[in-house]
Amino acid sequence: MENGEDASFEDVLAQALLAWYERHARTLPWRIAPKWRRAGVRPDPYRVWLSEVMLQQTTVKAVGDYFAAFTARWPDMMAFAAAPEEQVMAAWAGLGYYSRARNLVACARRVAEDYGGMMPRKADELAKLPGIGPYTSASIAAIAFDEPVPVVDGNVERVVSRLFAIDRPLPQAKSEIRETLRPLVPQDRPGEFAEAMMDLGATICSPKRPACALCPLNMMCRAHSEQREEAYPVKAPKRAKAKKFAGAFVALRDDGKILLSRRPPKGLLGGMSEVPTGPWQESPVTRMPAPPLSAPWRKITPQVSHIFTHIDLKVTIWQASLLPDTPAPEGFWWHDLENLKEAGLPTVMAKIAEAAVPGATKARAKG
DNA sequence: TATCCGTGGGC
DNA sequence: TGCCCAAGGAT
C-alpha cells in the first residue's frame, strides 16, 4: 500500500475487520482491549490458556463465574500447578467435559517442570501439551504471543465458510477453512485478528439470522451475495442419541451425611465424585442393582432424566436411611449434606441428590 | 476419520 | 418438546 500498489483482497479484508474490531470488541476478563494492545500491552498467557480451555465447546456466559473463581483461587501458572487435582476437579464441577480439568492440571505441571512456569510461545510447541489441540495452540500463540497463525474455532468456521461459500461439509472442511484463512492473517496484528474473527462470528455472523447489514465484510461475502448465509457452514448429519438406564443409591446417614464414591479416571464423568450407581444399561431398570452396602432400600419417585451429548439417560433412585455409626465401604465416603456443593458433583449426580433430598445441592444455612 | 465426552440456553 | 448450538481434544 505504501508504495502505491493496489491493496490486496487479503489486506482489505483484514483492515476492514480490524477497524470494526476497534469499535466493537467485546470486553472480556481475559482480554486486553484493542487500544491497549496497540500500545503494546499483551494479555497474561496463563489467563489466555485458562480461558481458552474453559471456552472449548462452552459459552462465554457459562465460563464467566468459573474463570473468576479459578483466577482468584489460583492466580498464576505456578499456583495452579501446585493445586491438588481433586480440588481442581471439584471446582470444575458443572462446566462439563471433565477431561479438560484433568488435562489442565497435567498441562500446568508440565509447564512448571519443563518450562519453568513460562508457557511456550509457539503454536507447534503448545500443541504438545495436554488438553491443547489445533485450535487452542493457535489461539494462545496468536493472542498471547502474536504468532501469525490462523485460528479456527466454530465461529471462524462459520465466517470463513460463508465468506467463500465453502460447500464441503464439516468436519471434513476444517483443513480447507484453515488454509483459506491462512493468507488473510495480518503479520502485524494476528492476535487482534483472531479475536476479531471470533467476535464477528459471535455477534454478527451468527448461526441463525446473521446481522449482515452490520457486517464489515458483507461486500466481500459470497454467501451474502447469494443470499444463502444460513446454508453455511454445511455440516454432516449427526447420529441419534443412545438411550441408557441406570439405578442410583442415595444412602443417607441419620447424622446428615450422604454416601459418595469416585468414578473411574477415564470415560464419562471421569474422575468426578458421584452418587453410587449400578451399571448403565440399554434396557429399562426393572430390578434393583447390587447396592454399595446392605440397607433397607426403597425405590423413590420421580426418576431423573439427563441428556448428555450422545446419551439420553434415565435414572431410577433407591434410598435408605442408616445409623450414624455406619462405616463407608471401601472406596466410598460419607459427605456432609450441608456442604454438598463442595463435593463437586457433576450435574446429573446433583440432580439425583436433589431428587432424593430437595434443597441438598443448594447452599443451606445450618439448623 | 469417527466417536466419545457435559452443560445450559435459544427458539 | 426436541433440536441446535457454544472459543474442541483425545483416541
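The legends below accompany close-up views of a predicted model of a protein with DNA strands B and C.

**View 1. The span annotated as HhH-GPD in the UniProt record.**
An unreviewed UniProt entry lists residues 54–203 under the name "domain: HhH-GPD". In the predicted model this span is 62% helix and 0% strand, and the C-alpha atoms at its two ends lie 20 Å apart.

**View 2. The protein surface near DNA strand C.**
There are 26 residues around DNA strand C, and those that come nearest are Gly131, Thr136, Asp153, Asn155 and Arg158. Of the atoms of DNA strand C that come within 4 Å of the protein, 68% belong to sugar and phosphate. Helix H9, covering residues 134–145, and helix H10, covering residues 154–163, each contribute at least two residues to this surface. When the surface near DNA strand C is divided by residue class, 10 residues are nonpolar, 9 are polar and 7 are charged.

**View 3. Backbone contacts with the phosphates of DNA strand C.**
A backbone N or O atom of Gly131, which is also among the residues that come nearest to DNA strand C, is placed 2.6 Å from a phosphate oxygen of that strand. For Pro134, the distance from a backbone N or O atom to a phosphate oxygen of DNA strand C is 3.4 Å, and for a polar backbone atom of Gly154 the corresponding distance to a phosphate oxygen is 3.2 Å. Pro134 begins the 134–145 range of helix H9, while Gly154 begins the 154–163 range of helix H10.

**View 4. The protein surface near DNA strand B.**
DNA strand B is surrounded by 19 residues, of which Leu269, His306, Thr309, His310 and Thr347 are the closest. Of the atoms of DNA strand B within 4 Å of the protein, 65% are sugar or phosphate atoms, and the rest belong to bases. Strand E4 and helix H14 each provide at least two residues of this surface. By class, the surface near DNA strand B comprises 9 nonpolar residues, 9 polar residues and 1 charged residue.

**View 5. Backbone contacts with DNA strand B.**
The backbone contacts shown here involve a base, a sugar or linking oxygen, and a phosphate of DNA strand B. A backbone N or O atom of Leu95 lies 3.4 Å from a base nitrogen of DNA strand B, whereas a backbone N or O atom of Tyr97 is 3.1 Å from a sugar or linking oxygen. A polar backbone atom of Thr347, a residue listed among those closest to DNA strand B, is 2.6 Å from a phosphate oxygen.

**View 6. The largest pocket and its lining.**
The largest pocket holds about 960 Å³ of space. Its lining consists of 28 residues, and Leu55, Gln56, Gln57, Asp153 and Gly154 lie nearest the pocket centre. Two or more lining residues come from each of helix H3 (45–54), H9, H10 and helix H12 (190–203), and H9 gives the most, with 4 residues. The lining of the largest pocket divides into 11 nonpolar, 10 polar and 7 charged residues. Asp153, one of the residues nearest the centre of this pocket, is also one of those that come nearest to DNA strand C.

**View 7. The second largest pocket and its lining.**
With a volume of about 480 Å³, the second largest pocket is lined by 22 residues, of which Gly96, Tyr97, Tyr98, Leu268 and Leu269 lie nearest its centre. Helix H7 (99–115), strand E4 (298–307) and helix H14 (347–356) are the elements that give two or more residues to this lining. The class division of the lining is 11 nonpolar, 9 polar and 2 charged residues. Leu269, listed among the residues nearest the centre of the second largest pocket, is likewise among those closest to DNA strand B.

**View 8. Strand E2 and its pairing partners.**
Strand E1 (residues 242–253) pairs with strand E2 (residues 257–262) in the antiparallel sense over 2 bridges, with Leu252 and Ile258 as bridge partners. These two strands form a hairpin with 3 residues between them, and Gly256 in the turn has a positive phi of about 85°. E2 is also joined in antiparallel fashion to strand E6 (residues 332–336) by 5 bridges, where Leu260 stands opposite Trp333. A further antiparallel pairing, over 2 bridges, links E2 with strand E3 (residues 273–274), in which Glu274 is the bridge partner of Ser261.

Key
Residues are numbered from 1 along each chain as its sequence is written. Chains are lettered from A and ligands numbered from 1 in the order in which they are written. This is a predicted model: local features need pLDDT of at least 70, side-chain atom pairs count only at pLDDT 80 or more; totals for chains, interfaces and linings use all residues. Side-chain values use heavy atoms; hydrogens and water are left out. UniProt positions are given in the numbering used here, feature names are shortened, and annotations may be inferred rather than shown by experiment. A residue is near a molecule or strand if one of its heavy atoms lies within 4 Å of it. A polar contact is a pair of N or O atoms within 3.5 Å; within protein, one must be able to donate a hydrogen and the other to accept it, and residues adjacent in sequence count only if both atoms are side-chain atoms. Ala, Val, Leu, Ile, Met, Phe, Trp, Tyr, Cys and Pro count as nonpolar, Asp, Glu, Lys and Arg as charged, and the others, Gly among them, as polar. Two strands pair if DSSP finds at least two bridges between them. On a 1 Å grid over the protein atoms alone, a cavity is a set of points where a 1.4 Å probe fits but cannot get out, and a pocket is an open set with protein on both sides within 12 Å along at least five of seven lines; lining residues have an atom within 4 Å of a point. Grid points are joined across faces, edges and corners, and a volume is the space filled by probe spheres set on the points.
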